[in-house]
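Me: I'm new to this one. Can you walk me through its pockets, cavities and cysteines?

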Amino acid sequence: MTTAKGTPVRARLEHVTKTYAGPGGRRIRALEDVSVEIPEGVRLTALIGPDGAGKSTLLKLLCGLEAPDLGRAEALGQTPDPDNPDLVQRVAFMPQQLGLYRELSCMENLMLSAELRGLEGEEASAKALELLELTGLGPFSARHAGNLSGGMKQKLALASALLASPDLLLLDEATVGVDPISRRELWGVLRNRLAAGTMSCIFSTAYLEEAETAESVIFLEEGRLIASGTPQQLIESARGRTYALRLAGVEAARAEALKRRLMRAVRSADPASVWLDAVPREGRLDLLVAGDVDPAAADLRAALPADLARGIELEARPARLV
């Protein structure tokens, strides 16, 4: 999703490349020449992609925990900098590895977080109590964070991120690994805060049904921007290009081998591949044809591993995110 030059944005990456040191001195590229914008007024943006796509790196760049090797990152009109007290209050980041102190109580964790964000005294206490009640942690305010369930820890971490009423909230897979009830409660808290003010949120997720509820979606794969836009725009762009291999009843070892083979043969790994993406599902493998390939003219069956796909039905599917 891009905006006209000069249009206010909440967040922006311009031709950003970020690498990390790998084994044997090899550089691992987390993001490669990524340009994307979150326009002012877009409240909820989903960041999706497989493990290793670069989602966490993108969020860390926007809050200043990482700096790009090439290109430029911008959040709320400023270069992200954790030493900038204005941005510390206006941008909040909830990482996958929660920054909670196990030996401190819920209330003590929030008060410490408030102090780090420049909130003090009665203002900090009132805000902490409000968020404990909102997240359902009020009765557990004196319980040590280390003794909380997984879902309760996630809610405490979200409360900590919301303490300073940020303008931009960055969530890194906040709902992954929690039970369905806690997941629903986390979304209830988030939507409450979004409705109460002008905060925008960028969240990475492994749940595509969550992405479908966002106003905009950013899709990354192996550090590259694959697509961005509203969920409906992405669905329209994929119309007529989505297929599935039906694997129900196929021998498990053969089905797994076919999934692995095709997931390694997508466009990001093989520039000549007709497949832009391959996503394993229960009983099937979803395939997306690349945008520069005409599905009607291409021999899609020939693009499948003949030794593994023989006799397996390849059928067109309606385009959707999930």
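Reply: Here is a short tour, starting with how the values were made. This is a predicted model, where local features need pLDDT of at least 70, side-chain atom pairs count only at pLDDT 80 or more, and totals for chains, interfaces and linings use all residues. Residues are numbered from 1 along each chain as its sequence is written, and side-chain values use heavy atoms, with hydrogens and water left out.

Me: Pockets first. How much space lies in the largest pocket?

Reply: About 1,200 Å³. A pocket is an open set of points on a 1 Å grid over the protein atoms alone, with protein on both sides within 12 Å along at least five of seven lines. Grid points are joined across faces, edges and corners, and the volume is the space filled by probe spheres set on the points.

Me: Which residues are closest to its centre?

Reply: P50, L208, F219, D277 and V279, out of 44 that line the largest pocket. Lining residues have an atom within 4 Å of a point.

Me: Which element gives the largest share of that lining?

Reply: Strand β11, with six residues. Elements giving two or more residues include α7 (208-211), β8 (216-221), β9 and β11 (275-281). Helices (H or I, at least four residues) and strands (E, at least two) are DSSP runs, numbered from the N terminus.

Me: How do the lining residues divide by class?

Reply: The largest pocket has 26 nonpolar, six polar and 12 charged. Ala, Val, Leu, Ile, Met, Phe, Trp, Tyr, Cys and Pro count as nonpolar, Asp, Glu, Lys and Arg as charged, and the others, Gly among them, as polar.

Me: And the second largest pocket, what's in its lining?

Reply: That pocket holds about 680 Å³. It is lined by 24 residues, and F93, S113, L116, R117 and S160 are the closest to its centre. Helix α3 gives the most, with four residues. The classes are 18 nonpolar, four polar and two charged.

Me: Switching to cavities. How many are there of 30 Å³ or more?

Reply: Two. In a cavity, a 1.4 Å probe fits but cannot get out. The largest cavity has a volume of about 100 Å³, and the second largest about 60 Å³.

Me: What lines the largest cavity?

Reply: Among others, M94, L158, W187, F203 and E210. Helix α6 gives the largest share, three residues. By class there are eight nonpolar, two polar and two charged residues.

Me: And which elements supply at least two residues to the second one?

Reply: β1 (9-21), β2 (27-39) and α1 do so for the second largest cavity. Its lining has nine nonpolar, no polar and two charged residues.

Me: Cysteines now. How many disulfides?

Reply: Zero, where a disulfide is a pair of cysteine sulfur atoms within 2.5 Å. C63 is in none, and the nearest cysteine sulfur, that of C201, is 13 Å away.

Me: Is C63 buried or exposed? Why?

Reply: C63 counts as buried because its relative accessibility is 15%. Buried means under 20% relative accessible area, exposed over 50%, and partly exposed in between (1.4 Å probe, protein chains only). C106 is buried too, at 0%.

Me: One last residue. Where is S228?

Reply: In strand β9 (residues 224-229). S228 is partly exposed, with a relative accessible area of 24%. S228 and A46 are 182 residues apart in sequence and 9.7 Å apart in space, C-alpha to C-alpha.
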